[in-house]
Amino acid sequence: MVRPSQLLHSQREPAPLRPAATVLLLRDGPLGLEVLMTRRSMTASFAPGAYVFPGGGIDPADADAHPQASRRPGQSDLHLTQAIAAIRESFEELGVLFARGPDGRWADALDIAAMDRSGPFAAQCRARGLQLAADQVYILAHWTTDRDLPRRFDVPFLVARMPAEQTPVADEAEQFEPVWVRPADALERHETGQFFIIFPTIRTLERLRTYPDVQAVLSACAATEEPLWTSCPRAGRLGGQEARYMEHEAPYGELALVCPDGQIQHTLDWQTDHPVALLRNVQRLTAPNPGVMTGPGTNSYLVGDPHTGYAVIDPGPADTEHLQRLWQAAGGQIRMIVCTHSHPDHSPGAAPLQALCENRPPILGLASRPTARANSRFAPDRELADGERLRLSGGGDSHTLRVIHTPGHAANHLCLVLEEDGLLFSGDHVLNGSTTVIDPPDGHMGDYLHSLDKLVQACDLGVEFILPAHGHVLGFAKQAITGLKAHRLRREAKIAAALQALPHGSLEQWVERAYDDVPPRLWPVAARSLQAHVDHIRENLGI
């Protein structure tokens, strides 16, 4: 866990969460799935003027109404309460009565007209002999309002098929202008400024537009009594504007590290002309070498502070201006230079950076093996042992980097764990936004997979964030690594199937089959990793 003393921003307690429920009423229109949306009042305290799905806070009476509701066998008490709240809110806001009479018929216009939309909902339903159709309300997603907002809700997004004989009528107090709209059309109108919707609504519509009809949505939800996705978004600055992200998106982990309490203080634009502070003791300076293989560029990291001096991790290419910026960011107080491996976008800057320093800090790492390509030859001043600790101390603080040998991407690859703060500097072993290339003979798939297992063990000892050599910081470190291994094994299974189907095929033919989900322009690069997978398959078979 990151030490509070190293956080850039003062800690604060986000606003408390209020339990709520939202329901997406669906119908099949002439061009496909449609969802009911309404416009919120311009004076609303939350998302004024936005088009939303009906919903609101959960009332204690909603739980008391369980005996009046039908339920599915797997529907928990909590989900039943949420469904009842959504049914009640739909009636209060839109006059949609999701209830059935004793004979199983849906409530009709007479039932709706006889009830007071501002009166006690469950009692009125009971008086008319209506049972709440909570068994027809399914959980789609679960959203928690962003930490930066003053009003926050803990809210499931539920889905249900609109009763056929009912017509929504807005209450003209909280909700206005009910409209049936295809998800794709709502998103398009939002892009043109005609239909204001907020982040969770946007992302829900993006997923909803992939379904052809109502039944497809309900079937997906009925397969599990759990949300299809959950999210508590985070926000940063990009291109001078506020930008929000879900957990699976590339910037999320970095925002969680830099602004854990939700402050919108961190700029996500890639910088090469100055370092970006991630913590008080960690800075990132990205080299100006963007490309297909390097993404936005190679990330060089500075670990330490003015009292302890600094360790430079991956000085990058021998770019004079980049190295000068590294030296200046450290105030010349560089105590060591560590290379995660010897590839030309990582280690060539080590010697010229060392030459800039009066104290000539040692260059540390692992020497390249005979299998390395000519442009990846590297010899450190001293080789690092697996498990060795590198310590910076001074001014009452210490920053300890533990070495983990992780061959696979390169035979001399290593990672570093900043033990006091639970950070993994992963070099090229784990990247954000792509999978690393395993290029034999210096790259080896079996070693790579075994090294991933070592990194999982590091996560069990407290690693929470991954700082890769390319891309933003990754959060959910263990989940990211186990997911990466699972992805590699799925790919290997596809390659094994390609080998079985075309035992005498060429590398190009196998790539076409096994990487059919990858753009063809990347197949030449993919072929290198495919060869590593083929070698691994044959090793396992003893061929």
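The legends below describe close-up views of a predicted model.

**View 1. Seven strands form an open sheet with mixed pairing.**
The strands follow the order β13-β14-β15-β16-β17-β18-β19. At the edges stand β13 (276-279) and β19 (382-383), each with a single partner strand, so one side of each has no neighbour in the sheet. Helix α9 (residues 320-329) packs on this sheet and touches β14 (282-286), β15, β16 and β17 (334-338). The direction of α9 makes about 165° with that of β14.

**View 2. Strands β15 and β16 run antiparallel within the seven-stranded sheet.**
Strand β15 covers residues 299-305 and strand β16 covers residues 309-313. Five bridges join the two strands. Val303 has Ala311 in β16 as its bridge partner.

**View 3. An open sheet of five strands also has mixed pairing.**
Its order is β20-β21-β22-β23-β24. The edge strands are β20 (389-394) and β24 (465-468); each has a single partner strand, so one side of each is left without a neighbour in the sheet. From one strand to the next, the twist averages 20°. Helix α11 (residues 445-460) lies across β21 (397-405), β22 (414-418) and β23. The helix α11 runs at about 150° to β21.

**View 4. Strands β23 and β24 pair in the parallel sense.**
Strand β23 spans residues 423-427 and is joined to β24 over four bridges. Phe425 has its bridge partner, Leu467, in β24. Strand β24 is also one of the edge strands of the five-stranded sheet.

**View 5. Strand β8 is mostly covered and pairs with β1 and β7.**
Strand β8 consists of residues 152-161, and eight of its ten residues are buried. Strand β1 (residues 17-29) runs parallel to β8, with eight bridges between them. In this pairing, Leu26 stands opposite Arg161 of β8. Strand β7 (residues 138-144) runs antiparallel to β8, and six bridges join these two strands. Here the bridge partner of Ile139 is Leu158 in β8. As a general point, side chains in a regular strand alternate between the two faces of the sheet.

**View 6. Arg72 is a buried loop residue.**
Arg72 lies in the loop between α1 (60-64) and α2 (77-94). Its relative accessibility is 12%, and because buried means under 20%, Arg72 counts as buried. Leaving aside residues up to four places away in sequence, Arg72 touches Ala134, Asp135, Gln136, Val137, Tyr138 and Glu225. Among these contacts, Tyr138 belongs to strand β7, which covers residues 138-144.

**View 7. Helices α12 and α13 cross at roughly 130°.**
Helix α12 covers residues 477-501 and helix α13 covers residues 507-514. Their axes come within 9 Å. The two helices are therefore oblique to each other, and α12 passes α13 in a right-handed crossing. On the α12 side, the contact includes Arg491, Lys494, Ile495, Ala498, Leu499 and Ala501. These residues meet Trp510, Arg513 and Ala514 in α13. The residues of this contact divide into six nonpolar, no polar and three charged. The charged ones are Arg491 and Lys494 in α12 and Arg513 in α13.

Notes
Residues are numbered from 1 along each chain as its sequence is written. This is a predicted model: local features need pLDDT of at least 70, side-chain atom pairs count only at pLDDT 80 or more; totals for chains, interfaces and linings use all residues. Side-chain values use heavy atoms; hydrogens and water are left out. Two strands pair if DSSP finds at least two bridges between them. Contact means heavy atoms within 4.5 Å. Axes are lines fitted to C-alpha atoms, for helices over the stretch in contact, and angles run from 0 to 180 degrees between N-to-C directions. Angles under 35 degrees count as roughly parallel, over 145 as roughly antiparallel, 65 to 115 as roughly perpendicular and the rest as oblique. A crossing is left-handed if the near helix is turned anticlockwise from the far one by less than a right angle, and right-handed if clockwise. Buried means under 20% relative accessible area, exposed over 50%, partly exposed in between (1.4 Å probe, protein chains only).
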